[in-house]
Amino acid sequence: MRLRRLGWAGAELEHAGRTLVIDLIEDASPLYSNERFPAASRPGETVAALVTHLHTDHADPVAIRKALAPGAPVYRPEPVTGPDDDLKWTCAAEESFREHGVATEVLRPWEERGAGPFRIGAGPSLDGLGDPQLSWVVECDGLRVFHGGDTIFHGHWWSIARRFGPVDIAFVPINGPVVELPHLQPPSPFHAAMLPEEAAVAAPVLGARIAVPIHYGTLNKPPIYVETPRAVERFERRARELGITPLVVPHGEWFDPSVAPVH
């Protein structure tokens, strides 16, 4: 199996010509950037798309529609319910999925599905802004890959490893942002995704030998969204201290975990 880091938090998995994408986005405008992130490598042929949550920096229905084979599933967490303020960061993605005719299926923690050569497990996750999230564990070709979206640190790591088996590679968010939004007042001074050191700690608890940092470096817009400083440097240092191989992968680049250098 080969892996590819897409834009921001995105990842693509490939085995024997079959691909699966997680948190695919091409349009970086939700991150206040004019950048275009890499598209799926096999447009119109991708066997499944997984979405950790319905924020527009993790769910791009236009990119997903282009990527998917006819009838391929899109798995996602449950919708947000509540008053308008509770829907502010999810309604755009929900409306876009409807507008572009992309059907989705809600999974709940611990549910499993199969798509092509991939076995998919939905794990618990916690969002720093209170919106429903899932983490994903995908098994294929003897490897298990974890993807954590933009989760905060939580106590479900052990359960995920026990339920789906220890993972081999973990894609983990590292930018530890402090977020101040008009509809979330008074603001919290605590980070809304994992700090680099927390991401490094999550990897060995999950059983991973390789950890790939995601969700960093593109968005820093004070005072609304302030990323923690030197995230990659701090993540690499702590991962090595824990005996984990940190693998920093540029957007769009493939790698083979079976030949990745091990710390």
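## Briefing on pockets, cavities, sheets and a helix pair

The largest pocket holds about 290 Å³ of space, and of the 14 residues that line this pocket, P30, Y32, T56, W89 and L181 are the closest to its centre. The structure described here is a predicted model. Besides its pockets, the model holds 2 cavities of 30 Å³ or more, an open sheet of 7 strands running from β7 to β15 in its strand order, and another open sheet of 7 strands whose order runs from β6 to β16.

**Pockets**

- The lining of the largest pocket, whose space comes to about 290 Å³, is made up of 9 nonpolar, 3 polar and 2 charged residues.
- The second largest pocket contains about 160 Å³ of space, and its lining consists of G128, L129, V179, E180, L181, L184, P186, P187, S188, F190, H191 and A192.
- By class, the residues that line the second largest pocket are 8 nonpolar, 3 polar and 1 charged.
- L181 belongs to the lining of the second largest pocket, and L181 is also among the residues closest to the centre of the largest pocket.

**Cavities**

- The largest cavity has about 80 Å³ of space, and the residues around it are H55, D57, W89, D127, L129, D150, P177, V179, A192, A193, H215 and Y225.
- Sorted by class, the lining of the largest cavity comprises 7 nonpolar, 2 polar and 3 charged residues.
- W89, one of the residues that line the largest cavity, is also listed among those closest to the centre of the largest pocket.
- L129, V179 and A192 line the largest cavity, and L129, V179 and A192 appear in the lining of the second largest pocket as well.
- The second largest cavity encloses about 30 Å³ of space, with a lining formed by H53, L54, R76, P77, E78, P79, V80, T90, E94 and P132.
- The lining of the second largest cavity divides into 5 nonpolar, 2 polar and 3 charged residues.

**The sheet from β7 to β15**

- In this open sheet the 7 strands follow the order β7-β8-β9-β10-β11-β13-β15, and their pairing is mixed.
- The edges are taken by β7 (112–115) and β15 (245–246), and because each has a single partner strand, one side of each is left without a neighbour in the sheet.
- At the β7 edge, β7 pairs with strand β8 (residues 118–124) in the antiparallel sense over 4 bridges, and the bridge partner that R113 finds in β8 is I120.

**The sheet from β6 to β16**

- Here the 7 strands are arranged in the order β6-β5-β4-β3-β2-β1-β16, forming an open sheet with mixed pairing.
- The edge strands are β6 (105–106) and β16 (254–255), each of which has a single partner strand, so one side of each is left without a neighbour in the sheet.
- Strand β5 (residues 74–76) pairs with β6 in the parallel sense over 2 bridges, and within this part of the sheet Y75 has E105 of β6 as its bridge partner.

**The helix pair α5 and α6**

- Helix α5 (residues 196–206) and helix α6 (residues 231–241) have axes that come within 8 Å and cross at roughly 35°, and this crossing is right-handed.
- On the α5 side the contact is made by P196, E197, A199, A200 and V201, while α6 contributes A231, R234, F235, R238 and A239.
- The residues in the contact of α5 with α6 comprise 7 nonpolar, no polar and 3 charged ones.

Key. Residues numbered from 1 in each chain as written. Predicted model: local features only at pLDDT ≥ 70, side-chain atom pairs only at ≥ 80, totals over all residues. Heavy atoms only, no water. Pairing = 2+ DSSP bridges. 1 Å grid on protein atoms, 1.4 Å probe; cavity = no way out; pocket = protein on both sides within 12 Å on 5 of 7 lines; lining within 4 Å. Points joined across faces, edges and corners; volume = space filled by probe spheres on them. Nonpolar A, V, L, I, M, F, W, Y, C, P; charged D, E, K, R; others polar. Axes fitted to C-alpha atoms, helices over the stretch in contact; angles between N-to-C directions. Left-handed = near helix turned anticlockwise from the far one by under 90°. Contact = heavy atoms within 4.5 Å.
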